[in-house]
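Reader: Got a minute for this one? I'd like to go through the strands and then the ligand site.

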Amino acid sequence: MTGTVLRSVIRGSGSALPERMVTNAEMATMVDTTDEWIVERTGIRARHLAGEGETTSSLATLAARRALDAAGFDAGSIDCIILATATPDQTFPASATIVQHNLGCRGGMAFDVAAVCSGFLYALTTADALLRGGNVRRALVIGAETFSRILDWEDRTTCVLFGDGAGAIVLEAVAVDPADPAAPGIIASRLHADGAYNDLLYVDGGPSTTQTVGKLRMKGREVFRHAVVNLASVLEEVLADAGLTSAAIDWVVPHQANARILDATARKLSLSPDKVIVTVDHHANTSAASVPLAFDEAVRDGRIRPGQLVMFEAMGGGFTWGAALVRL
Ligand code: UT7
């Protein structure tokens with residue numbers, strides 16, 4: 001007789017974008033840049049930017065409601081909300097508690113995770129541990145950001161790269177037979193950090209140092225170099241943990257920082273670019289929101305389907321990076 005194990009199964013996803021969409025041509029009226037430079041260097045053509053009243057928690061709440069609807073679950077049945085963000089509404093309390101209140105549920109756990117662009121992978125892996133440990137039955141994992149509020153709008157090397165938005169998934173603990181290759185759920189995940197690289201990507205403010213919110217600073221070319229190497233290595237690790245090769249992957253849902261990083265990572269893994277979900281062209285880099293936003297878009301347009309094997313991956317400030325392999 002084969003034993004069963006608890007796995008975290010994705011039951012639904014949702015996303016939300018600010019109403020205002022800003023093209024590269026509009027960016028060129030704000031800073032010394034061109035549509036041609038932005039498209040050629042990054043693949044970005046447009047981004048959504050939060051307007052008055054649109055906050056990290058409001059976008060996160062909308063994405064969470066849509067994920068709950070897709071799963072067919074009541075908000076009251078969620079006993080854990082983890083929100084990945086580097087742009088919370090307030091220094092404290094955690095924006096996850098605001099989302100919990102907005103959703104009309106109470107009593108379960110709710111907290112934020114700060115791992116910048118890798119935040120969704122960190123939140124997902126944390127939720128997975130809680131679900132597999134039997135502490136939680138249903139969890140909402142959200143990535144939500146309003147990076148436009150921490151950009152230096154006079155620095156063309158960074159302000160053209162980012163956008164705002166939110167994505168969410170609902171996870172449920174399900175007993176599966178681990179020997180069954182078709183069993184759904186998170187199969188393997190790995191997280192990493194190396195704090196030696198703080199000065200390549202950071203915000204120059206904070207409550208404990210300057211008592212200001214600060215602005216994003218990035219040495220893009222160096223971050224780019226590390227991103228390709230770290231992502232390829234963590235993807236290999238997760239595949240090895242799962243006992244699979246890249247040929248088994250149906251879709252890669254990467255963090256959307258730069259189309260050239262997506263291409264280079266796919267090449268390193270000998271993966272066809274057709275298997276990579278790309279939203280950087282119309283979302284730009286939405287930090288912790290980018291992976292769940294891209295996932296939800298591809299689920300809703302029918303590309304990602306039940307039964308498929310999906311790899312999530314991200315790398316960002318810290319540095320932090322990680323990947324997770326999921327059977328839908
Ligand atoms: O999400 C977290 C992880 N973040 C990333 O993964 C970002 C990784 N990095 C990148 O995506 C790329 O490095 C960037 C898109 C940020 C920059 O592309 P690059 O090809 O590395 O360009 P660069 O920084 O080396 O700059 C090349 C030139 C410079 O001019 P000079 O010094 O060669 O005369 C910049 O001043 O492009 C200039 N430049 C611009 N020109 C027009 C920089 N930003 C702009 C701009 N418009 N917006």
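Reader: Which residue in β13 is the bridge partner of Arg-190?
Author: Ala-323 is the bridge partner of Arg-190. Bear in mind that this is a predicted model.

Reader: How many bridges join β8 to β13, and do they run parallel or antiparallel?
Author: Eight bridges join β8 to β13. The two strands run antiparallel.

Reader: And β12 with β13, parallel or antiparallel?
Author: Antiparallel, over eight bridges. Met-311 of β12 stands opposite Leu-325 in β13.

Reader: What links β12 and β13?
Author: They form a hairpin, with three residues between the strands. Gly-318 sits in the turn and has a positive phi of about 140°.

Reader: How many residues of β13 are buried?
Author: Eight of its eight residues, from 320 to 327.

Reader: Which side chains of β13 point which way?
Author: Thr-320, Gly-322, Ala-324 and Val-326 point one way. Trp-321, Ala-323, Leu-325 and Arg-327 point the other way. Both sets are buried.

Reader: Why the alternation?
Author: Because side chains in a regular strand alternate between the two faces of the sheet.

Reader: On to β11. Which residues cover its two sides, and are they buried or exposed?
Author: Trp-251 and Val-253 are on one side of β11, and Val-252 and Pro-254 are on the other. All of them are buried.

Reader: What does Val-252 pair with in β12?
Author: Met-311 is its bridge partner. That is the residue opposite Leu-325 in β13. β11 and β12 run parallel, with four bridges between them.

Reader: Back to the end of β13. What about Ala-183 and Arg-327: how far apart are they?
Author: They are 144 residues apart in sequence, but 7.1 Å apart in space, C-alpha to C-alpha. Ala-183 lies in the loop between β7 and β8.

Reader: Why does Ala-183 count as buried, if it's in a loop?
Author: Because its relative accessibility is 3%, and the cut-off for buried is under 20%.

Reader: Switching to the ligand. Which residues come nearest?
Author: Thr-33, Arg-41, Arg-221, Asn-258 and Asn-285, out of 23 residues around the ligand.

Reader: What do the arginines do there, in distances?
Author: Arg-221 has a polar side-chain atom 2.5 Å from an oxygen atom of the ligand. For Arg-41, a side-chain N or O atom is 2.8 Å from a ligand oxygen. Arg-156 uses its backbone: an N or O atom there lies 2.9 Å from a nitrogen atom of the ligand.

Reader: How much of the ligand does the protein cover?
Author: 76% of the 960 Å² of accessible area that the ligand has on its own.

Reader: Which pocket is it in?
Author: The ligand takes up the space of the second largest pocket.

Reader: Which elements give two or more residues to the shell?
Author: α2, α6, α7 and α8. α7 gives the most, with four residues.

Reader: Last topic: Asp-296. Where is it, and what does its side chain contact?
Author: Asp-296 is in helix α10, residues 290-300. Its side chain makes a polar contact of 2.7 Å with the side chain of Ser-15.

Reader: Buried or exposed?
Author: Asp-296 is buried, because its relative accessible area is 1%, against a cut-off of under 20%.

Technical notes
Residues are numbered from 1 along each chain as its sequence is written. This is a predicted model: local features need pLDDT of at least 70, side-chain atom pairs count only at pLDDT 80 or more; totals for chains, interfaces and linings use all residues. Side-chain values use heavy atoms; hydrogens and water are left out. Buried means under 20% relative accessible area, exposed over 50%, partly exposed in between (1.4 Å probe, protein chains only). Two strands pair if DSSP finds at least two bridges between them. A residue is near a molecule or strand if one of its heavy atoms lies within 4 Å of it. A polar contact is a pair of N or O atoms within 3.5 Å; within protein, one must be able to donate a hydrogen and the other to accept it, and residues adjacent in sequence count only if both atoms are side-chain atoms. Accessible areas come from the Shrake-Rupley method with a 1.4 Å probe; for residues, only the protein chains shown count as cover. On a 1 Å grid over the protein atoms alone, a cavity is a set of points where a 1.4 Å probe fits but cannot get out, and a pocket is an open set with protein on both sides within 12 Å along at least five of seven lines; lining residues have an atom within 4 Å of a point. A molecule sits in a cavity or pocket if more than half of its atoms lie within 2 Å of its grid points.
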